[in-house]
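Ready for some practice with a protein model? Have a look at the sequence and the structure below, then try each exercise before reading its solution.

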Amino acid sequence: MNDAQTIAVEVIGIEQVTPQIKHFKLAAVAGGSLPVFSGGSHIIVVMQGADRIHKNPYSLLGSPQQLDTYEIGVRRMEESRGGSHFMHDRVVIGSRLEIAHPVNLFGLDKIARKHVLIAGGIGITPILAQLEDLHGGGVPYELHYSVRSAEHAAFLERLRRREGDRLHTYYDSEGQMIGFETLLATQPLGTHVYVCGPAGMINHVIATAKACGWPDSHIHWEQFSAPPVGDAFEVFLARSKISVQVPPDQSLLESIEAAGVEVPYLCRGGVCGFCHTRVLELDGDLIHNDHFLSEADKAKGNSIMPCVSRAHCKRLVLDL
Amino acid sequence: MLVTGIKSKPVYAPLQADTRGRYHLMLGMGVGAAPLLRVIFEMQSAAARVLKNTRVLYVPDGGSATPEIERFRAAAVGNAQTFPGTPALLEEFRSTLARSLMGTRLYVAGTESFIGLAMKIALEFNLNKDEIRAEECGTSARRVYCIHCRATTENVRTNIASCVGCGRWLLVRDHYSRRLAAYMGVMVDAEAPGELPPLKEMFL
Ligand code: FES
């Protein structure tokens, strides 16, 4: 992916839907329809900040049938490296942004006999679009939505109106919890489960489903890690023959891009595997933060996902 | 020759227990009892709980009760049932799947035709590769689908066979359809009526 393929959009609507989440509507600057997508897709939003460019993945939450606007929900991250703060504090109606074409890493299984959708907090966003794909499809589904309290439940009115009794809400503030064990132990054959939310919730759903005997092919999850901050380090790009400094609050991928070297990516969240890069030399440790490499591959230490992972070392040489 | 070089012929590996599953449903016919018992013994060493959730549906050779069913029961599988033939077994299989929960693993041991028919039903219930294990044993006689009249001829052991539907002589191809659970049969003497290749036993 490179910037030539981005689409210029204008912000045409902003709504504060919970104390932490803002809902943005985007329309093509050139007018007309935006590219077709399916429920579960995300886009990369390119933000021109004061001193750097932010590129963050956000799920499309609007209806795939309605292509005159794209809708995204952005949670203000406490320890943001800038992207979510930029969206919350700097973007106003009329602001222009660049976006990359939608990509779906969290699509619905087309021949499932039932869908169980589980969302925690902002994790509701890709699921909103999946629900749009399910409406009128005749395949049974149910939604389990867990939030801190009613005031933090984004898009609750929309969900109540459209989903009726297929919607089950759980408020932490009232001590309500999704009974994952019962939920996953009682699903008919041919059910698929989809989960998006905090890491703890996703891991818990995966572990519980497996304990109930679910095979991998019926378990779907999406979790974009924000690249964590870390120590500064230096990387040498062997093919480009340049050294790049990676500051604590910038990701390896962002630093490489800032130096003018392109790395392919789709998600920038450690999920898709596109940014996979070979490590040629290393005199310390890799800090893997992705969900793509297997534990065995991580232990080998000969490759890295630069969108979210870092290194703790004096010298790192990459095959770029 | 039309018969060779087509890669859709299914290939199945020896059965193995998958104790990550919570329920285990086994289908077998004839000599398929042996691989199923092998899996059951494998499970016995893994966890006792597993066998309580194991169910066997079985068609004995000749259709009457046999020592195999006693061996299933002796191996602590409470729920083993025999059927007089494949259609009755498949009917029960289908209604079992309709009541089954996620966490079920399917094991099938029998002829390629038997496996094919079971797979076709499993597919309707969205069972994926990681939920199914199958081992081919017994005869490799084929189910042959006539592309002309759409009738299916069972138990074909020869390179060419007369279609039960239209009587045409069909050449049995290696082209297998999972949806139809059958090999494609194409009229063999279309160009020169009556000119048939020699009949050969192929699928024994
Ligand atoms: S861009 Fe998707 S894993 Fe790095």
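Here are three exercises on salt bridges, domains and a surface patch.

This is a predicted model, where local features need pLDDT of at least 70, side-chain atom pairs count only at pLDDT 80 or more, and totals for chains, interfaces and linings use all residues. Residues are numbered from 1 along each chain as its sequence is written, chains are lettered from A and ligands numbered from 1 in the order in which they are written, and side-chain values use heavy atoms, with hydrogens and water left out.

**Exercise 1.** Work out where the salt-bridge partners Arg143(B) and Glu154(B) sit, and whether each is buried or exposed or in between.

*Solution.*
- Step 1: start with the rule, which asks for a side-chain nitrogen of Lys or Arg within 4 Å of a carboxyl oxygen of Asp or Glu. The closest N and O atoms of Arg143(B) and Glu154(B) are 3.2 Å apart, and the two form a salt bridge.
- Step 2: find them in the chain. Arg143(B) belongs to strand E6 (residues 142-146) and Glu154(B) to strand E7 (residues 152-156) of chain B, eleven residues apart. (Strands, E, are DSSP runs of at least two residues and helices, H or I, of at least four, numbered from the N terminus.)
- Step 3: check the cover. Buried means under 20% relative accessible area, exposed over 50%, and partly exposed in between, with a 1.4 Å probe and protein chains only. Arg143(B) has 10%, so it counts as buried, while Glu154(B) has 44%, so it counts as partly exposed.

**Exercise 2.** Describe how domain 1 and domain 2 of chain B meet.

*Solution.*
- Step 1: get the bounds. An automatic or database domain assignment gives domain 1 (23-136) and domain 2 (142-187).
- Step 2: look at the contact (heavy atoms within 4.5 Å). Six residues come from domain 1 of chain B and eight residues from domain 2 of chain B.
- Step 3: take the buried area, meaning the accessible area (1.4 Å probe) that two parts lose on being put together, summed over both. Here that is about 600 Å², with 55% from carbon and sulfur atoms.
- Step 4: look for salt bridges between these two domains; the count is zero.

**Exercise 3.** Say where Leu199(B) lies and whether it is buried or exposed.

*Solution.*
- Step 1: locate it. Leu199(B) is in the segment after strand E10 (182-187) of chain B.
- Step 2: read its accessibility. The relative accessible area of Leu199(B) is 53%, so this residue is exposed.
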